[in-house]
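Colleague: Could you take me through this model and defend the labels you put on it?
Modeller: Sure, have a look and ask away.

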Amino acid sequence: AAPLPPGLLERRPVAAVRFTDRAGGPLRELASRADGRAIPLPAGEPVPPLVRAAFLAAEDARFERHRGVDPLALARAAWQDLRAGRVVSGGSTITMQLARALQPRPRTLLGKAGEALWALRLEAHLGKDDLLRAYLDRVPLGADLFGVEAAAARYFARPARSLSAGQAALLAAVARAPGRLDPWRR
């Protein structure tokens, strides 16, 4: 339960060139290939309900009921992986995925344990809404896009709060395997 390091959740600037019209409206953005394009959800607004529902259904249905680590999901994933003889399922919660984004670790059993400890630490200091918002601002969504706001703008030319249920579900599905499920490629 040690305090979180200062600036842990701060967004680092993304190197990009933005073209705007005379009124300051966005026309085009060219992002650095190394950093991708990231736009946070608007501050002061709640997470869009359809986005929240889609991501919780796809990524962590028990998000509201666990404290960062879901033992049932880990047991299910371990059983499925053992039966298949290879990794076919993950047991990471949204909080564990956020921990991995904030403090990258190798994809090993020891790395998973480190993610779990960081997830418990994050849950001890942040509320569920703050955790979900931080995750949704950082989740990779294909095409060098990070966060649902950036993906909504690029794929659907609208803000995340205006997404339909189907569009939100598509983004939640892409989050499961952004390299393989990139809508621009497939």
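Modeller: Let me start with the largest pocket, which has a volume of about 1,300 Å³. Keep in mind that this is a predicted model.

Colleague: Which residues lie nearest the centre of the largest pocket?
Modeller: Those are G90, S92, R100, R107 and K112, out of 39 residues in the lining.

Colleague: How do you know that a residue belongs to that lining?
Modeller: A lining residue has an atom within 4 Å of a pocket point, and 39 residues line the largest pocket. By class, they come to 20 nonpolar, 7 polar and 12 charged.

Colleague: Which helices supply the lining of the largest pocket?
Modeller: At least two residues each come from α1, α2, α3, α4, α5 (128-138) and α7 (165-176). The most come from α2, with 6 residues.

Colleague: Now the helix pair. What makes α3 roughly perpendicular to α4?
Modeller: The axes of α3 (residues 94-102) and α4 (residues 109-125) cross at roughly 105°. Angles of 65 to 115 degrees count as roughly perpendicular, so α3 gets that label relative to α4. The two axes come within 8 Å.

Colleague: And which residues in α3 and α4 meet?
Modeller: On the α3 side they are T95, M96, L98, A99, R100 and L102. Across from them in α4 are K112, E115, A116, W118, A119, L122 and E123. The residues of this contact divide into 8 nonpolar, 1 polar and 4 charged.

Colleague: On to the aspartates. Why is D70 called buried?
Modeller: Buried means under 20% relative accessible area. D70 has a relative accessibility of 3%, so D70 counts as buried. Its place is in the loop between α1 (49-59) and α2 (71-84).

Colleague: Why does D60 count as buried too?
Modeller: The cut-off is under 20%, and D60 comes in at 5% relative accessibility, so D60 counts as buried. D60 is also found in the loop between α1 and α2.

Colleague: How many residues apart in sequence are D60 and D70, and how far apart in space?
Modeller: They are 10 residues apart in sequence and 9.0 Å apart in space, C-alpha to C-alpha.

Colleague: What is each aspartate in contact with, leaving aside neighbours within four places in sequence?
Modeller: With those neighbours set aside, D70 is in contact with R62 and T93. On the same basis, D60 is in contact with F55, H66, T93 and I94. T93 turns up in both lists.

How values were computed. Residues numbered from 1 in each chain as written. Predicted model: local features only at pLDDT ≥ 70, side-chain atom pairs only at ≥ 80, totals over all residues. Heavy atoms only, no water. Helix = DSSP H or I, 4+ residues; strand = E, 2+ residues; numbered from the N terminus. Buried < 20%, exposed > 50% of the residue type's maximum accessible area, 1.4 Å probe, protein only. Contact = heavy atoms within 4.5 Å. Axes fitted to C-alpha atoms, helices over the stretch in contact; angles between N-to-C directions. Parallel < 35°, antiparallel > 145°, perpendicular 65-115°, else oblique. Nonpolar A, V, L, I, M, F, W, Y, C, P; charged D, E, K, R; others polar. 1 Å grid on protein atoms, 1.4 Å probe; cavity = no way out; pocket = protein on both sides within 12 Å on 5 of 7 lines; lining within 4 Å. Points joined across faces, edges and corners; volume = space filled by probe spheres on them.
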